[in-house]
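Load the model in your viewer and set it to show a cartoon with side chains available on demand. The stops below are meant to be selected one after another.

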Amino acid sequence: GSSGECIYQSVDERKLLLENVVDTAKGKLVIIAHVACNNTADSMKLAAHAESLGVDAIASIPPIYFRLPPHAIEKYWNDISSAAPDTDFIIYNIPQLAGVALDRNLLRNMLKNPRVIGVKNSSMPVEDISIWRSEGAIVFNGPDEQFLSGLAAGAVAGIGGTYGVMPELYQKIYKLFGENRIAEAMTIQDTCCRIIYKLCSGRCNLYAMIKETIRCLGGPDVGGVRAPLLNVFEEDRKIAPQCADMILEARKTYL
């Protein structure tokens, strides 16, 4: 998805990336492969490839640029699903970037496909999670800033970009929520939000800052982001160590 910079990669690059993820995970993680491209044929190729690797599910945003009607989006998603007939399918709703939004009728029609099991919801209204859940879909929270709110609305889990730089904090929120220790979970969520705001405070792209912060935390050097996304500017380099310090302090405080 977004943190994978998928729309700036070729089909072959995305295949290679997924092959390495599956090989590295070695069955220890649930793998949901985002397979959407801006054309149906390439999306179907990626879906079939993902199924051949034995991923747990595939996911797809709607096509971007042209504002397609719901019945065209429905066909696009069902065509993708047909290329991976033995793999579960998750709708990825991110209207602020895709330009079109999932609605109740489109979800109802998609749920007629037995492989469609849920929604990754990255729209900002938490109410959307309740709506999709009421239609029978499982829902993953998207916006990291509202992970706790998403759980309270009925999301079963979350999928997020900043999880990569502070996974332990989100895991703790999830654990505390399950134990009904909401006030403690809220404190950590507030801390995560402050870290997110700091990560977003530079001129560069958020994911460039995340990668720079991972390096500051002693993680691997995985390079920068792909153009036209903007890499870290010189004046941004002071921000990443500050983010790393905030994360380390939060680990000491809450874990």
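Helices here are DSSP runs of H or I with at least four residues, numbered from the N terminus. The coordinates come from a predicted model.

**Stop 1: T191**

Select T191, which is found in helix α9, residues 182–199. Its relative accessibility is 8%, and because buried means under 20%, T191 counts as buried. Display A250 and Y254 as well: T191 is in contact with both, leaving aside neighbours within four places in sequence. For a distance check, pick the C-alpha atoms of T191 and L176, which are 15 Å apart in space and 15 residues apart in sequence.

**Stop 2: the nonpolar cores**

Next, select V35, I58, W77, I80, I91 and L102, the residues with the most contacts inside the largest nonpolar core, which has 39 residues. At least two residues of this core are supplied by each of α1 (11–25), α2 (40–52), α3 (70–82), β3 (88–93), α5 (104–110), β4 (116–121) and α6 (127–134). The largest share, 4 residues, comes from α3. Centre the view on W77 and show its surroundings: beyond the neighbours within four places in sequence, W77 is in contact with S60, I61, P62, F89, I91, L102, L106 and M110. Apart from this core lies another, of 29 residues, and L169, L199, M209 and A250 are among them.

**Stop 3: D236**

Move to D236, in the loop between α10 (206–216) and α11 (239–254). Which side chain of opposite charge is nearest to D236? It is R203, 6.3 Å away; D236 is buried yet has no salt bridge. A polar atom of the D236 side chain does lie 3.2 Å from the backbone nitrogen of C204. Not counting residues up to four places away in sequence, D236 touches G202, R203, C204 and M209.

**Stop 4: aromatic pairs**

The whole structure holds 4 aromatic pairs. Select Y65 and F66, an edge-to-face pair with 5.1 Å centre to centre and 80 degrees between the planes. Y65 and F66 are both exposed. Then go to F147 and Y163, whose ring centres are 5.9 Å apart and whose planes are at 65 degrees, so this pair is edge-to-face. F147 lies in helix α7 (residues 147–152) and Y163 in the loop between β6 (157–158) and α8 (167–178), so the pair ties together parts 16 residues apart in sequence. Both F147 and Y163 are buried. Add Y170 to the selection, since F147, Y163 and Y170 form one aromatic cluster.

**Stop 5: salt bridges**

A search of the whole structure gives 18 salt bridges. Start with K211 and E5, whose side chains meet at 2.8 Å, N to O. This pair links distant parts of the chain, with K211 in helix α10 and E5 in the segment before α1, 206 residues apart. K211 is buried at a relative accessible area of 15%, and E5 is buried at 9%.

Now select D79 and K75, another salt bridge with 2.8 Å from N to O. The two are 4 residues apart in helix α3, and therefore separated by about one helical turn. K75 counts as exposed, at 52% relative accessibility.

Continue to E135 and R108, a salt bridge whose closest N and O atoms are 2.9 Å apart. E135 lies in the loop between α6 and β5 (138–141) and R108 in helix α5, so the pair ties together parts 27 residues apart in sequence. R108 counts as partly exposed, at 41% relative accessibility.

Finish by selecting E212, R215, D221, E234 and R237, which are joined into one network by salt bridges that share partners.

Definitions and conventions:
Residues are numbered from 1 along each chain as its sequence is written. This is a predicted model: local features need pLDDT of at least 70, side-chain atom pairs count only at pLDDT 80 or more; totals for chains, interfaces and linings use all residues. Side-chain values use heavy atoms; hydrogens and water are left out. Buried means under 20% relative accessible area, exposed over 50%, partly exposed in between (1.4 Å probe, protein chains only). Lys and Arg count as positive and Asp and Glu as negative; His and the chain ends are not counted. A salt bridge is a side-chain nitrogen of Lys or Arg within 4 Å of a carboxyl oxygen of Asp or Glu. A polar contact is a pair of N or O atoms within 3.5 Å; within protein, one must be able to donate a hydrogen and the other to accept it, and residues adjacent in sequence count only if both atoms are side-chain atoms. Contact means heavy atoms within 4.5 Å. A nonpolar core is a set of buried Ala, Val, Leu, Ile, Met, Phe, Trp, Tyr and Cys residues joined through side-chain atoms within 4.5 Å. Rings of Phe, Tyr and Trp (its six-membered ring) pair if their centres lie within 6.5 Å; planes under 30 degrees apart count as stacked, over 60 as edge-to-face and the rest as tilted.
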